[in-house]
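Work through these exercises with the model open in front of you. Try each task before you read its solution.

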Amino acid sequence: MTQPDATPHKKEWGDPGEPRTRLRVSVNGKEVCADVPDRLLLSDFLRDDLGLTALKVGCGEGACGACTILIDGEAARSCTQLAVQTEGAEIVTLEGMNAAGGLNRVQQLFQQHHALQCGYCTPGWLMTVYSMMKRSVCPDSEEVGRHLSGHICRCTGYRNIWAAVRHALSETDGSGVTGEQ
Amino acid sequence: MTEETPIYARRSRGRRYAGEAVLRAEDEQLLRGAGGFLPDLPASHAAEICMVRSTQPHAIVRSVRRERALGSPGVIAVLAADDLEFVDDALPCVDMIPGTMDVRQRVIARDRVRYVGQIVAIVVAENRYLAEDAAALVEIDYEPLPPITDHMAAKEPGATLLYPELGTNVVYQVKQRDGNPDFAAREGDLVIRKRFEFHRQTAIPMEPRGVIAKLIDNGERVHVESPTQLPQVLRSALAGAFGLRPDRIRVTAPRLGGGFGCKEMVYPEELLVPAVARKLQRPVRWLEDRREHFAATTHAREETIDAEAVVAPDGTFVGLRIKGWANTGAAYGFVGNTPITAMGAMVRGPYRVPNLDSHMFSVVTNKTPLNVLRGAGAPQAALLMERLLDEAARMLKIDRAEIRRRNLIQPSELPLDRGRTEFAGAYSVLYDEGDYPRCFEAALKLAEYESFEAERKAAAERGKLRGLGISMYVEITAVGPSETARIALQPDGTVLLYSSIMPVGQGSETVQRQLIAEELGIAMEQVAIRQGDTDEVPDAVGTFASRGAAVGGAVGRLAARELVKRIVECCAAACACDSAALRWEFGGVKFPGPADEFVPMAEIPARLATLRRVAEATPEKIEAKYRLEVPRPSYAYAAHVAVVEIDPQTGRIEIPRYTVAHDCGKIINPLLVEGQIVGGVVQGIGEVLRERLVYDSAGDLKTRAMMDYVLPGPSDAPADFRLWHMETPTSFNPFGMRGVGEGGTIGAHGAISNAVADALRDYEIAVEGSGPFTPTWVMETLQRPRRAGPDENRS
């Protein structure tokens with residue numbers, strides 16, 4: 001078990017009088033153990049304490065999907081739960097899905113279909129696609145729309161996102177997804 | 001060629017980049033989650049700020065008591081207006097023409113608050129959680145004043161005044177006239193009078209705002225990081241606010257997570273956060289949360305317009321008279337008066353309408369300041385004209401396409417002077433080259449207009465109401481007054497462009513690299529780009545009004561052309577020959593002599609280093625700068641055709657087909673142009689069908705979250721999107737380019753509104769901007785009486 005690496009984003013969460021809990025969690029395959037304030041949001045823990053800034057906070061209320069990560073393999077919002085709620089869980093962020101260099105298959109398809117513009121919402125979409133691939137969601141099923149409806153993108157008009165997602169899901173073996181997992 | 005061949009040499013002669021659907025290199029960082037947005041930047045030493053914002057729409061601030069807040073754990077400071085010194089505390093506004101009353105926003109409320117969300121105090125603490133705890137303990141004693149949020153009431157004499165010293169809430173007016181503004185109806189002419197009410201909206205970029213400020217260079221300079229569309233304007237504002245020379249300020253803007261106009265603004269926080277850093281002598285950071293974003297980031301669109309059109313019996317428009325009032329909110333935005341200027345300037349779009357009398361006013365109210373949003377005032381302008389055309393067609397029993405044909409400006413009439421304007425960066429509206437009728441016919445054909453009635457009937461048999469709407473527009477794009485770029489040959493033989501255009505998602509990095517690679521005849525991989533640092537590009541204008549590719553791209557390419565001259569001069573000096581003897585071709589320099597030697601750009605720095613031993617005159621650094629004057633904007637245009645289908649059981653409006661034919665001049669990258677148009681259209685669909693900011697009667701903003709403010713989602717994208725590019729180069733741009741970033745949104749307002757009206761044509765309804773057309777609105781409409789006959793308005 002290791003302490004989280006020191007990162008340039010690390011915040012002191014202040015008030016020593018504040019209730020804290022020891023949190024043990026697996027993040028991108030690494031065991032992490034930290035004393036965190038009970039009220040610390042999971043998104044802040046991942047971004048500020050662990051420096052995993054790929055997830056974005058767009059709304060802080062679970063409406064936009066930019067902060068989506070995988071918790072025990074399921075796509076989940078990190079901005080509307082507390083870090084302490086994930087005790088014992090396996091968390092994967094986009095950093096955990098990235099190839100050592102360049103782009104993995106799903107990321108390549110997003111680029112080829114021009115499925116991102118400003119790119120702020122993109123990490124969230126990718127995590128939902130990974131979770132759909134794990135479930136082998138059929139690219140032409142209505143289920144795709146139900147998964148995607150949890151995300152907002154203000155730039156693309158969604159057309160190219162649909163195309164990239166369907167393309168990714170049609171490559172059913174999921175072998176294109178690389179990463180530390 | 002072998003694998004070992006360097007990439008620049010692999011480029012075949014004559015290969016082009018401009019016009020190609022090149023994939024974006026910037027995607028790699030973004031897709032790996034390493035985009036480097038402001039909240040991602042290192043700030044571990046920064047104290048965190050939470051703004052204490054007014055909960056009152058209109059009140060005297062009697063006192064700000066901070067004792068309890070100061071006693072809260074981790075608090076570093078609690079500051080109010082009196083604690084911060086500004087040489088000039090007014091935020092800049094560029095569109096104050098002579099006669100405009102000064103209602104520029106002040107950075108922090110002094111004695112009076114004028115909208116919910118205005119900053120009253122600043123809490124600085126060790127982290128955001130502790131700052132928020134303490135902010136809740138700041139006690140502000142307000143003496144409430146009656147709020148006024150309705151601009152139509154605020155403009156009347158006797159209304160509550162926001163600025164009593166001005167004696168009125170009507171603070172700005174602008175006229176636009178053309179032909180005979182005193183035109184009148186002749187016998188037999190149709191007179192259409194309509195009131196258009198455009199509802200209040202906001203951009204909601206996925207990334208909220210934020211500011212990091214710190215002292216640098218031994219405390220002698222202030223470094224401000226902010227995701228702004230206008231880093232250089234912010235630097236000037238900071239210099240003015242602090243009374244410092246501009247070179248004492250460094251602004252760096254990271255990549256923006258969307259802008260859409262709401263970041264074309266200098267915000268109070270962008271001056272306050274650096275002021276706190278200076279006062280406390282330590283780095284500070286403020287990150288906006290979405291809840292405060294709704295009240296603290298500028299709003300857009302809200303206007304009421306009375307329009308009167310005189311139409312001859314054959315359907316040609318004789319004249320248009322409009323009088324309108326914008327709900328400006330509590331103070332000017334940076335370009336807060338631009339939307340109503342655009343209304344007068346652009347309302348006639350591609351239609352002749354020889355006579356125009358437009359008179360528009362800005363009215364202050366107790367709402368968040370109004371500013372621009374994708375399209376500025378043009379979406380409202382196009383909607384207004386297109387609704388009048390549909391009404392005229394209905395009343396005169398002329399086909400909707402035919403009435404437009406009779407009014408369209410013909411190519412032979414272009415260029416066409418449409419009169420003087422106060423639109424910033426343009427002095428008169430002078431349409432450039434184009435073929436509006438061809439664009440129009442192309443859209444109708446692609447949209448299957450001729451067979452639509454059969455489609456309507458087939459839908460009716462399924463129990464659905466189908467409607468079709470047409471909207472054209474002409475858009476003022478690529479505005480001036482000028483732009484500057486700098487480009488340098490790097491020691492490794494690549495070039496680096498210092499650009500004035502901020503990446504907001506539009507792909508500016510890729511298009512600028514394409515144009516430079518094209519100009520120099522090198523590979524795109526040999527072109528790097530940096531932007532947003534005022535130390536590197538001190539005198540840029542900024543990113544707005546669809547000018548990034550057309551103006552920013554042009555100036556970068558012209559700077560590259562200058563760089564070639566410099567390279568050739570340096571090579572000539574180094575080999576002590578006449579520069580006329582050297583030639584630049586296919587990405588390198590051809591040296592004279594029997595060998596007729598070709599040196600590719602990548603090898604030039606090394607070659608110069610060798611030659612420098614013999615010729616002392618060669619400079620270390622090869623750089624060029626170019627300033628492009630843009631005396632005239634160029635005018636992009638498009639025709640949109642929307643088909644909507646309404647389910648009368650649920651009130652849901654779907655968009656089975658959407659068609660756009662457009663002309664943005666020479667296209668640099670069709671992939672990105674398509675992305676801009678589709679994204680813009682869906683944003684427009686959301687604005688017409690979903691989004692609305694709601695204030696209650698007490699002046700409080702009720703829509704404070706994405707859960708309240710419904711944005712278009714994945715299922716709102718048109719099922720079948722058809723796009724046709726026309727490329728008529730404009731002579732107003734050195735490379736024939738016009739802007740395309742906003743057009744999608746401009747066309748969607750009129751096309752969707754007309755389509756909804758067409759689907760519900762049997763009912764008495766108003767779609768004159770009075771959206772959004774939510775399912776509730778549809779269900780209520782279907783309860784209304786059926787329409788009477790068309791003839792009562794004849795004069």
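**Exercise 1. Find how far apart the C-alpha centres of domain 1 and domain 3 of chain B lie, then describe the contact from the side of domain 1.**

Solution.
Step 1. Locate the domains. Chain B is divided into domain 1 (7-35 + 481-629), domain 2 (40-145 + 208-255 + 263-296) and domain 3 (303-479 + 631-781). The bounds come from an automatic or database domain assignment. This is a predicted model, in which local features need pLDDT of at least 70 and side-chain atom pairs count only at pLDDT 80 or more, while totals for chains, interfaces and linings use all residues. Residues are numbered from 1 along each chain as its sequence is written, and chains are lettered from A and ligands numbered from 1 in the order in which they are written.
Step 2. Take the distance. The C-alpha centres of domain 1 and domain 3 of chain B are 39 Å apart.
Step 3. Count the contact. Domain 1 of chain B gives 24 residues and domain 3 of chain B gives 22 residues. Two residues are in contact if their C-beta atoms, placed from the backbone, lie within 7 Å.
Step 4. Name the helices. On the domain 1 side, α14 (508-520) and α15 (548-574) of chain B each supply at least two residues. The largest share, 8 residues, comes from α15(B). Helices (H or I, at least four residues) and strands (E, at least two) are DSSP runs, numbered from the N terminus.
Step 5. Sort by class. The domain 1 side has 12 nonpolar, 8 polar and 4 charged residues. Here Ala, Val, Leu, Ile, Met, Phe, Trp, Tyr, Cys and Pro count as nonpolar, Asp, Glu, Lys and Arg as charged, and the others, Gly among them, as polar.

**Exercise 2. Is B:L628 buried, partly exposed or exposed?**

Solution.
Step 1. Place the residue. B:L628 is found in strand β25 (residues 622-629) of chain B.
Step 2. Recall the cut-offs. A residue is buried if 20 or more other C-beta atoms lie within 10 Å of its own, exposed if 12 or fewer, and partly exposed in between; C-beta atoms are placed from the backbone.
Step 3. Apply them. B:L628 has 19 other C-beta atoms within 10 Å, so B:L628 is partly exposed.
Step 4. List what it touches. Leaving out residues up to four places away in sequence, B:L628 touches B:S482, B:E483, B:V551, B:A554, B:V555 and B:L558.
Step 5. Compare sequence with space. B:L628 and B:A554 are 74 residues apart in sequence, but 8.1 Å apart in space, C-alpha to C-alpha.

**Exercise 3. Give the strand order of the open sheet of 5 strands in chain B, and explain why its edges lack a neighbour on one side.**

Solution.
Step 1. Read the order. It is β7-β15-β14-β13-β8 (chain B), with mixed pairing. Two strands pair if DSSP finds at least two bridges between them.
Step 2. Find the edges. β7 (170-178) and β8 (190-198) of chain B each have a single partner strand, so one side of each is left without a neighbour in the sheet.
Step 3. Add the twist. From one strand to the next, the twist averages 10°.
Step 4. Look at one pair. β13 (residues 303-311) and β14 (residues 317-329) of chain B run antiparallel, joined by 9 bridges. B:A307 has B:I322 as its bridge partner in β14(B).

**Exercise 4. Describe the open sheet of 7 strands in chain B and the helices across it.**

Solution.
Step 1. Read the order. It is β3-β5-β1-β12-β9-β10-β11 (chain B), and the pairing is mixed.
Step 2. Find the edges. β3 (75-80) and β11 (249-252) of chain B pair on one side only.
Step 3. Add the helices. α6 (residues 231-242) of chain B lies across β10 and β11 of chain B, at about 150° to β11(B). α7 (residues 268-280) of chain B runs at about 35° to β9(B). Axes are lines fitted to C-alpha atoms, for helices over the stretch in contact, and angles run from 0 to 180 degrees between N-to-C directions.

**Exercise 5. How many residues of helix α9 of chain B are buried?**

Solution.
Step 1. Take the helix, residues 338-346 of chain B.
Step 2. Count. 9 of its 9 residues are buried. Among them are B:P339, B:I340 and B:M343.
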